[in-house]
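Welcome, and thank you for opening the viewer. Please keep the selection box at hand, as this tour moves from stop to stop.

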Amino acid sequence: MIPAAFDYRRASSLSEALQLLSEGGEDAKLIAGGHSLLPLMKLRLSSPSTLVDIGRLSDLSYVREDGDRVAIGALTRHRDLQTSDLLRSHVPLIAHVAGQVGDPQVRHRGTIGGSIAHGDPASDLPAACLALGATFKVEGPGGKRAIDASDFFQGFLETALSPDEVLVEVSVPKFTGVGWSFQKFNRRAQDWAIVGVAALGGDSPGLGLINMGPIPVRATAVESALASGANAAEAATHASDGLDPPSDLNATPEYRRHLAEVLVRRALEEAGTA
Ligand code: FAD
């Protein structure tokens, strides 16, 4: 439970963070809230040579209007998402999901950028970003780029981010008044989801699934079934099409497939898609 030795550098600006990352090379890592990275380091599953601390970059902590979208700074803590009036009005799914992450201590430390960049299939916010069709804005030595949520998650804890890039903003379309649902199945209130579903209703429903594969996934087979006129129960039978849910102490793959169908049906009904 003791991490390997590492150098620690605190960045006071985004440009300094980028500089420190490139100086540290491939083994340097950003740390934001530390609530996913530090456990990995304590288990020696990650041993960065240098930690570049961006946790105090308050410039990257914001929720603000951006035309027909809402812009969320990568350093925004889950608690600030949960209590944001702007999100509650225009993207209530994000505010609600953030309020379901862990416990109050976790929500006061963890950041949306850390949750997305970590790419854990068991995390809640990546599924919401997939359902909403979010875009991730990234900066690196080569400049700025934007990555669609559906292209971002590439392998177990692997994303489209390069080691020298920083995720700076999560941009989500406004869905004012559109139905939504978040179904998180766990045994105790503050546990991680065994399986979860984030759903957006409206004319183009979107669904993100938690813990149904090695990466956060979009339920494209359900979305296609809905587009072809299926009702909630029919569409939900496609919840695990093409997916390979994991087996662990909490659930077998078969149990996860069953949960996904039940939770997708409930989510579609609550979001008012069918
Ligand atoms: P860190 O741990 O600091 O970083 C995680 C990874 O992202 C690292 O690889 C880091 O280099 C990288 N990174 C961080 N910020 C950036 C950035 N801006 N750009 C590029 N890379 C970056 N999560 C859930 O979804 N649901 C839960 O129920 C849940 N329960 C939890 C319970 C406990 C007890 C704990 C400790 C954590 C739990 N979490 C849960 C995880 C929590 O939400 C984390 O805060 C979050 O996943 C990571 O955010 P962080 O800011 O702590 O990231």
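What follows is a walk from the ligand outward, with a short note on what to select at each stop.

**Before you start**

This is a predicted model, in which local features need pLDDT of at least 70 and side-chain atom pairs count only at pLDDT 80 or more, while totals for chains, interfaces and linings use all residues. Residues are numbered from 1 along each chain as its sequence is written, and side-chain values use heavy atoms, with hydrogens and water left out.

**Stop 1: the ligand and its shell**

Select the ligand, then the residues around it (a residue is near if one of its heavy atoms lies within 4 Å). There are 29 residues around the ligand, and L30, A32, G34, L37 and T111 come nearest. Colour the shell by class and you will find 13 nonpolar, 12 polar and four charged residues. In this scheme Ala, Val, Leu, Ile, Met, Phe, Trp, Tyr, Cys and Pro count as nonpolar, Asp, Glu, Lys and Arg as charged, and the others, Gly among them, as polar.

Now zoom in on the oxygen atoms of the ligand. T111 brings an N or O atom of its side chain to 2.7 Å from a ligand oxygen. D124 places a polar backbone atom 2.8 Å from an oxygen atom of the ligand. At S115, a backbone N or O atom lies 3.5 Å from a ligand oxygen. On its own, the ligand has 980 Å² of accessible area, and the protein covers 90% of it. Such areas come from the Shrake-Rupley method with a 1.4 Å probe; for residues, only the protein chains shown count as cover.

Which elements give two or more residues to the shell? They are strand 2 (28–31), helix 7 (112–118) and strand 10 (166–173). Helix 7 gives the most, with four residues. Helices (H or I, at least four residues) and strands (E, at least two) are DSSP runs, numbered from the N terminus.

**Stop 2: helix 8**

Next, select residues 124–132, which make up helix 8. Is this helix mostly covered or mostly open? It is mostly covered: nine of its nine residues are buried. Buried means under 20% relative accessible area, exposed over 50%, and partly exposed in between (1.4 Å probe, protein chains only). The buried residues include L125, A128 and L132. Step on to G133, which follows helix 8 and has a positive phi, near 65°.

**Stop 3: salt bridges**

Side chains of opposite charge can pair when their charged atoms come close. A salt bridge here is a side-chain nitrogen of Lys or Arg within 4 Å of a carboxyl oxygen of Asp or Glu. How many salt bridges does the structure hold? There are eight, and three are worth a visit.

Stay with D124 and add K184: the two form a salt bridge, with the closest N and O atoms 2.8 Å apart. This pair links distant parts of the chain, as K184 is in strand 11 (residues 180–185) and D124 in helix 8, 60 residues apart. Both K184 and D124 are buried.

Then pick R145 and E165, another salt bridge, whose closest N and O atoms are 2.8 Å apart. R145 lies in strand 7 (residues 143–148) and E165 in the loop between strand 9 (158–159) and strand 10, so this pair ties together parts 20 residues apart in sequence. R145 is partly exposed at 34% relative accessibility, whereas E165 is buried at 10%.

For the last pair, select D248 and R256, whose side chains meet in a salt bridge (2.9 Å, N to O). D248 counts as partly exposed because its relative accessibility is 37%, while R256, with 1%, is buried.

**Stop 4: two loops**

Most residues other than glycine have a negative phi, and most peptide bonds are trans. L157 has a positive phi, near 55°, and lies in the loop between strand 8 (153–155) and strand 9. At 30% relative accessibility, L157 is partly exposed.

N211 also has a positive phi, of about 65°. Look for N211 in the loop between strand 13 (206–210) and strand 14 (217–218), where it is buried, with a relative accessible area of 10%.

**Stop 5: across the model**

Finally, select G229, in the loop between helix 10 (220–227) and helix 11 (232–236). G229 is exposed, with a relative accessible area of 60%. Draw a line from G229 to A28: they are 49 Å apart, C-alpha to C-alpha, and 201 residues apart in sequence.

Notes
A polar contact is a pair of N or O atoms within 3.5 Å; within protein, one must be able to donate a hydrogen and the other to accept it, and residues adjacent in sequence count only if both atoms are side-chain atoms.
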